[in-house]
Amino acid sequence: MKPSGQIKSTFKHTLIYTIATFLQKGTGFILLPVYANYLRGEGYGIIGMIDVVISMLTVMVGYGLVGGMQRFYFERETDQDKNILISTAITVTFITVVVVCLPAFLFRVQIAELAFGEKGLGFYLALAIFTFFAEMTAQCAGGYILIKQQSILFSVISTLKFGLALSLNIYLIVFLKLGLLGFLYSGLISSVLYS
């Protein structure tokens, strides 16, 4: 591909990703008052601590695996070698996520007690761990779509996931008044379907 064609392609894909991201972040920002009203300070605090625990799990999984897959994909010359690389990355990611999530799930009560400073919140952490599992196992598939430069497909899928999570958030938090539990269920359902 000519350099001018590469630049044009890069700008096109960047524009598509930017529009999708802007729509998602903008909608989330507009709904902050709704979440603040229904989740209150305690709910936001628990979400923040769950994010800290999940961030630690992310570090243990090695989030760079997808980036490595994308980099080494273009060094492979044959389609067979490329397919082996993708399937190996998916398998290694799955095994790594299981190895990291299983102990976290088994010790969720103790981890939740350390993170939140009170008992009885292990179920919230279990939902977050399952959501994390679904998200991480979907990362290689998302990376493969990016490798294939299918920015529209990637943006549509991520926007549909966001729309589903947003709809579930509104339904579960506002209408069913599930609060934090609704927020976590919404994340789990949308992540499992995305995965």
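Which side chain does Arg 71 meet in a salt bridge? In this predicted model, the partner is Glu 75, with an N to O distance of 2.1 Å. Glu 75 isn't tucked away, either: its relative accessible area is 42%, so it counts as partly exposed.

That pair has company, since the structure holds two salt bridges. The other one joins the side chains of Lys 161 and Glu 135, this time at 2.7 Å from N to O. Here the bridge ties together distant parts of the chain: Lys 161 sits in helix H7 (residues 151-175), while Glu 135 belongs to helix H6 (residues 122-147), and the two are 26 residues apart. Lys 161 is partly exposed as well, because its relative accessible area comes to 22%, and the cut-off for buried is under 20%. As a rule, side chains of opposite charge can pair when their charged atoms come close.

Moving on to the nonpolar side of things, the largest nonpolar core has 29 residues. Which of its members touch the most others? Those are Ile 50, Leu 57, Phe 116 and Phe 132. Several helices chip in with at least two residues each, namely H2 (32-61), H4 (79-106), H5 (108-116), H6, H7 and H8 (180-194). The top contributor is H2, which gives nine residues to this core. Leu 57 shows what the packing looks like from one residue's point of view: setting aside residues up to four places away in sequence, Leu 57 touches Val 100, Ala 104, Ile 129 and Phe 132. There's also a second core, separate from that one and made up of eight residues, among them Val 66, Met 69, Leu 85 and Ile 147.

Arg 108 deserves a paragraph of its own. This residue lies in helix H5, and with a relative accessibility of 25% it is classed as partly exposed. Which residues is Arg 108 in contact with, once neighbours within four places in sequence are left aside? The list runs Gly 122, Leu 125, Ala 126 and Ile 129. Ala 126 is 18 residues from Arg 108 along the chain, yet the C-alpha atoms of these two are separated by 6.4 Å. Ile 129 turns up again here, in contact with Arg 108 and also touched by Leu 57. As for polar partners, the Arg 108 side chain reaches the backbone oxygen of Phe 105 at 2.7 Å.

Methods: Residues are numbered from 1 along each chain as its sequence is written. This is a predicted model: local features need pLDDT of at least 70, side-chain atom pairs count only at pLDDT 80 or more; totals for chains, interfaces and linings use all residues. Side-chain values use heavy atoms; hydrogens and water are left out. A salt bridge is a side-chain nitrogen of Lys or Arg within 4 Å of a carboxyl oxygen of Asp or Glu. Buried means under 20% relative accessible area, exposed over 50%, partly exposed in between (1.4 Å probe, protein chains only). Helices (H or I, at least four residues) and strands (E, at least two) are DSSP runs, numbered from the N terminus. A nonpolar core is a set of buried Ala, Val, Leu, Ile, Met, Phe, Trp, Tyr and Cys residues joined through side-chain atoms within 4.5 Å. Contact means heavy atoms within 4.5 Å. A polar contact is a pair of N or O atoms within 3.5 Å; within protein, one must be able to donate a hydrogen and the other to accept it, and residues adjacent in sequence count only if both atoms are side-chain atoms.
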